[in-house]
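Please look through the sequence and the structure shown here before reading on. The report afterwards goes through a few places in it, one at a time.

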Amino acid sequence: MSYFVLQFMIMKKLIRVVYCFTFLVLISCNTKEKEDTFVPEATNDSHSFSNPTEITISHIYLNFKINFDSSRIEGTSSLSLLHKKPADTLWLDTRGLDIKYVTLDSNSAKINYFLGREILFKGKALGIPVNPNVKTVHITYQTTSESVALQWLSPAQTAGKDYPFLFTQSEANLARSWVPCQDSPGVRFTYSADVSVPKNMLALMSAENPIKKNETGIYHFEMKEKIPAYLMALAVGNIEFLSTGTRTGVYSEPAMVHKAVVEFSEMDNMVKAAEALYGPYRWGRFDVIVLPPSFPFGGMENPKLTFLTPTLVVGDKSLTAVVAHELAHSWSGNLVTNATWNDFWLNEGFTVYIERRIIERMNGKDFADMQAVLGFKDLKETLDELSKTPDDTRLKQNLLNRDPDDGMTDVAYEKGYLFLRLIEETAGREKFDAFLTTYFNEHAFQSMTTEAFIHYLKTRLLNDKNGLKGKVNIDEWVYKPGIPANCPKIDSEKFSIIESKTEQFLRGTPAMDLGLQNVSTNEWLHFLDCLPSKLTPAQMVDLDSVYKFTDSGNAEILCKWLRKCVAGNYHKADETLEYFLLHTGRRKFVKPLFVELAKTPEGLVKAKEIYTKAKPNYHALLINTLEQILEKQSVKM
Ligand code: BES
Ligand code: ZN
């Protein structure tokens, strides 16, 4: 063999090695996580990796199969791009997704992409190289057990026991765990979807929805209004629909839907009441779905289809304020959206204010004020809990490097409410209503920062000329901890009577002689709030034998009572407590009961026992909350 041939062969081998090496590197780009890939241009949203100031997603098309056997969603998300500035990479948020491949426009060639390392509370950045001509990015993937937005329920965990169930919970930043997207509340897009589900099951989304099952098991959805990612939602199950009016209706499992329709029969009127206050409802229909009991919230304002806990269905419409709350989000939150999770009070404080205005129209001022007083009690409890971290009691939050969930306390809800009520009282209701209506119209389908709102408030309602600005003390309310001295005082005549009854009881009047038999749910709740957290065994027995709290079918009343049972060692309620914790996943109820249990060594043992049994029924969000509580207590002891 000549020298040249030998050299040529060596060269060829070398080229092949280099080629193979390059190929391997490329492959590993596809599949391996690349460390520290990325610092995007600032989006001002520390909870998102995305770069919407360079490239914005204008539409997402989802093509999904819902696989109950493997508990996975499998499919492709196609993202339409809007190039705003020259950029070579589209950065997206993902969390717990198994990405299979990525293609561009109509090319079937799989392209390289970058997956960053896992960042706490954020997941992994997905970087897709693009040029300004790329119009659509297609990502084929499947969800995993780390897809925290999804709760997969076995048939046993449903009301009907025959079919499994799936629902999503995308707020705050969990949409990325089932759809790779720009998961920031400051980014809005439209979406459409084709979702394939097993025969005899119905799929619903926060979109225009079908009202009955079809033969194919494939359902098409359109959401034509621009929404932020946290409002994307999906529910799949053996679901039926019943109408409650021209614009409203209820979806639920067959075992629940009839009761639910009676409970929520006033929804059409509620929409009208809200419109009379703040202008037209812009989302077409207002339907609700009553989910299985593991749904971790009272409600979630998914547009066109509010998600609700079944604990609202008590038979006397006493808990429908939650529906008013989710409806109120159709203006505050869904129409004008907090720009980042630091501005969460713009969503929830406004919504509590509007909720109570709707409730006032529907049920009267007495009812609304009673709810405000109950809310104030919750706020005081939260302020006590946060006494060591006073910065967390400011309306404008700083959640940098923290879980956005940490900022979602009663401060945003109830301090936010009180601030708006103060503005209403200062400016006068008529002026404030007109201000809010214009505010929603002028910023419809946009996001809002705290600073931009304050500026708008100062230019449109409260200024030095009319002398109103000085009366409100805006900066203290928004940027300082605690409750300012000019906080509105809320009185309720009915509650004053209840307060005198609790005093009588504590002074020794037997429960039987208090004359409380026919009071409303709000009054019972206030009665329980006004009693000390720990009562004597005799007092517990007396109250329970007369008022049958342990048997209450109203979860709000039962939860407050059970907290006292734990604190007061009232073991007659043990079975009910365990049953409640095993069958309800609503965080508002479950969390305080575990907190109360974990206060004593024996209680902690019991808490852990119950938690182990209940965990399969709990949503990842609740599991996260409870594990923090149980761990913290274990360390203390
Ligand atoms: N948007 C919230 C629920 C939420 C908040 C989900 C934060 C995830 C993160 C919803 O509108 C809400 O506030 N629900 C309350 C209702 C109550 C205040 C009437 C709930 O679930 O308790
Ligand atoms: Zn809300």
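The sections below describe the basis of the model, a ligand site, a helix and some single residues.

## Basis of the model

This is a predicted model, in which local features need a pLDDT of at least 70 and side-chain atom pairs count only at pLDDT 80 or more, while totals for chains, interfaces and linings use all residues. Residues are numbered from 1 along each chain as its sequence is written, chains are lettered from A and ligands numbered from 1 in the order in which they are written, and side-chain values use heavy atoms, with hydrogens and water left out.

## The surroundings of ligand 1

There are 15 residues around ligand 1, and those that come nearest are Glu171, Gly298, Glu301, Glu326 and Tyr413; a residue is near a molecule if one of its heavy atoms lies within 4 Å of it. Sorted by class, this shell holds 6 nonpolar, 5 polar and 4 charged residues. In this scheme Ala, Val, Leu, Ile, Met, Phe, Trp, Tyr, Cys and Pro count as nonpolar, Asp, Glu, Lys and Arg as charged, and the others, Gly among them, as polar. At least two shell residues each are supplied by β17 (299-300), α4 (321-328) and α5 (344-363), and the largest share, 3 residues, comes from α4. Helices (H or I, at least four residues) and strands (E, at least two) are DSSP runs, numbered from the N terminus.

Several polar contacts, here pairs of N or O atoms within 3.5 Å, can be listed for the ligand. An oxygen atom of ligand 1 lies 2.5 Å from a backbone N or O atom of Gly298, and a polar side-chain atom of His325 is 3.0 Å from an oxygen atom of the ligand. In the side chain of Glu348, an N or O atom is 3.0 Å from a nitrogen atom of ligand 1. On its own, ligand 1 has 530 Å² of accessible area, of which the protein covers 89%; such areas come from the Shrake-Rupley method with a 1.4 Å probe.

## The two faces of helix α2

Which residues of helix α2 (residues 254-263) are buried? They are Met256, Val257, Ala260, Val261 and Glu263, where buried means under 20% relative accessible area, exposed over 50%, and partly exposed in between (1.4 Å probe, protein chains only). These buried residues are on the same side of α2 because they cover an arc of only 150° around the axis, the arc being that of the directions from the helix axis to the C-beta atoms. They pack against β14 (240-243), β15 (248-252) and β16 (286-290), with contact meaning heavy atoms within 4.5 Å. The face turned away from the buried side carries the exposed residues Ala255, His258, Lys259 and Val262.

## Backbone details

Most residues other than glycine have a negative phi, and most peptide bonds are trans. Glu171 and Ala172, however, are joined by a cis peptide bond with omega of about 5°, and Ala172 has its place in the loop between β9 (165-168) and β10 (188-196).

Asp105, which is not a glycine, has a positive phi near 45°; this residue lies in the loop between β4 and β5 (114-115) and is partly exposed, with a relative accessible area of 27%. Asn473 also has a positive phi, near 65°, and is found in the loop between α10 (469-472) and α11 (474-479), where Asn473 is partly exposed at a relative accessible area of 35%.

Terms used
A polar contact is a pair of N or O atoms within 3.5 Å; within protein, one must be able to donate a hydrogen and the other to accept it, and residues adjacent in sequence count only if both atoms are side-chain atoms.
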